[in-house]
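Work through the exercises below with the sequence and the model open side by side. Each task is followed by a solution that proceeds step by step.

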Amino acid sequence: MTAAIERFDAPLSGAAVVGGALRGMLRARPDEAVLPPRLLQREVMLEAETVAAYADLCGFAPEQGVPITWPHILAFPLQMRLMLGADFPYPAVGLVHLHNRIRQHARLNLGDRLTLTARAGRFLAHDKGQAFTLETTAARAGETVWEGVSVYLRLGRPRRGDPAPVLTGDEADRLIETWAVPADLGRRYARVSGDANPIHTSALGARLFGFRRAIAHGMWTKAQATAALSPPGPLDAAEVEVAFRAPLFLPGQVGLYAGPAGDLRDFEVRDATGARVHLRGRLTLSPEDSVAC
């Protein structure tokens, strides 16, 4: 049986997010977790002003067009509604974003109208608890032009499902560039993305969840690396997959390491010493786009 589509026009308010998170922490949990069969949808436009603010913060040049990571930001309110729902098996507080894969099938243009659809996907096995996926598609005039899959982890005893995805990053051996990551990055990214999780925006909020300082959004780190490794023009078709390995404390100094340029390129974001990996990823370009690199 196919679930009815629930449509939303606006993101959740801050009060709704806090209230939903608190209710999730207090709600009793079933013995056997079940992912809800909901389909959440919203209509969006790729607006020049908001795209430009996001692109500038994440290192994309205007000539690169709409960033491949931008639809994830537009879909994030739908993912939050899923995780804050009364039928979601885990509280949103404490979930760990482990992995994210984005596939773009056709060029995205300013002014495009997209239909975003988000759903809970499937359970995945992990040695530190139960992992699961949230899946999103973006359609333009009825055709899917973009897909995203995020893997989250509920810490606890190992559970069921196929193994969670793993990335090796063996070819990421050359320092490409370094970044000085400012102390206020979390607050600035929250303004353009809508993701105001206190572990990113407040030192006190971060300490409440066991971090000594605020940490950078993993999706900012992914976007910054993607911008640096992408060709100078807009992407037609591409895939970028990352595993989030260790928190990037703010402020910080990191380096982007990558393998040889080509259709497929491994990369890592490491600390200033080059020893600790914050993020590991793989960028796959269409043959036409890779020629432009």
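**Exercise 1.** In the loop between which two strands is Pro 251 found?

*Solution.* Pro 251 sits in the loop that runs between strand E9 (238-244) and strand E10 (252-258), where strands (E, at least two residues) and helices (H or I, at least four) are DSSP runs numbered from the N terminus. The model is a predicted one, in which local features need pLDDT of at least 70 and side-chain atom pairs count only at pLDDT 80 or more, while totals for chains, interfaces and linings use all residues. Residues are numbered from 1 along each chain as its sequence is written, and side-chain values use heavy atoms, with hydrogens and water left out. The next step is the peptide bond itself: Leu 250 and Pro 251 are joined by a cis peptide bond, with omega at about -5°. As background, most peptide bonds are trans, and most residues other than glycine have a negative phi.

**Exercise 2.** Locate Ala 141, describe its backbone angle, and decide whether the residue is buried or exposed.

*Solution.* Begin with the position, which is in the loop between strand E5 (129-140) and strand E6 (143-155). Ala 141 is not a glycine, and yet its phi is positive, at about 55°. Its relative accessibility is 86%, so Ala 141 counts as exposed; the classes are buried under 20% relative accessible area, exposed over 50% and partly exposed in between, with a 1.4 Å probe and protein chains only.

**Exercise 3.** Characterise the overall dimensions and packing of the chain, beginning with its helices and strands.

*Solution.* The chain has eight helices and 12 strands. Its radius of gyration is 18 Å, close to the 19 Å that the globule rule gives for 293 residues, so the chain is as compact as a globular protein of that length; the radius is taken over C-alpha atoms, and the rule is 2.2 Å times the number of residues to the power 0.38. Along the principal axes, the C-alpha atoms fill a box of roughly 50 × 45 × 35 Å. Of the 293 residues in the chain, 51% are buried. Finally, among contacts (heavy atoms within 4.5 Å) with a separation of 6 or more, 75% are made by residues 24 or more positions apart.

**Exercise 4.** Compare the length of helix H7 with its expected span, and explain why the helix is described as largely enclosed.

*Solution.* Helix H7 (residues 218-229) has 12 residues and reaches 17 Å from its first C-alpha to its last, close to the 16 Å expected at 1.5 Å a residue, the expected span being 1.5 Å times one less than the number of residues. Because 10 of the 12 residues of H7 are buried, the helix is largely enclosed by the rest of the structure. Among the buried residues are Met 219, Trp 220, Lys 222, Gln 224 and Leu 229.

**Exercise 5.** What are the contacts and the burial of Leu 46, and what are those of Arg 113?

*Solution.* Take Leu 46 to begin with, in the loop between strand E2 (39-45) and helix H2 (48-58). Leu 46 is buried, with a relative accessible area of 1%. Leaving aside neighbours within four places in sequence, its contacts include Val 51, Val 66, Trp 70, Leu 108 and Gly 111. Gly 111 lies 65 residues from Leu 46 in sequence, while their C-alpha atoms are 5.1 Å apart in space.

Turn then to Arg 113, which is placed in strand E4 (residues 113-126). Arg 113 is exposed, at a relative accessible area of 60%. With neighbours within four places again set aside, Arg 113 is in contact with Val 44, Met 45, Ala 139 and Arg 140. The C-alpha atoms of Arg 113 and Ala 261 are separated by 33 Å, with their positions 148 residues apart along the chain.

**Exercise 6.** Where does Leu 264 lie, and which residues does it touch?

*Solution.* Leu 264 belongs to strand E11 (residues 264-271). Not counting residues up to four places away in sequence, Leu 264 touches Arg 282, Leu 283 and Thr 284. Ala 3, by contrast, is 261 residues from Leu 264 in sequence and 37 Å from it in space, C-alpha to C-alpha.
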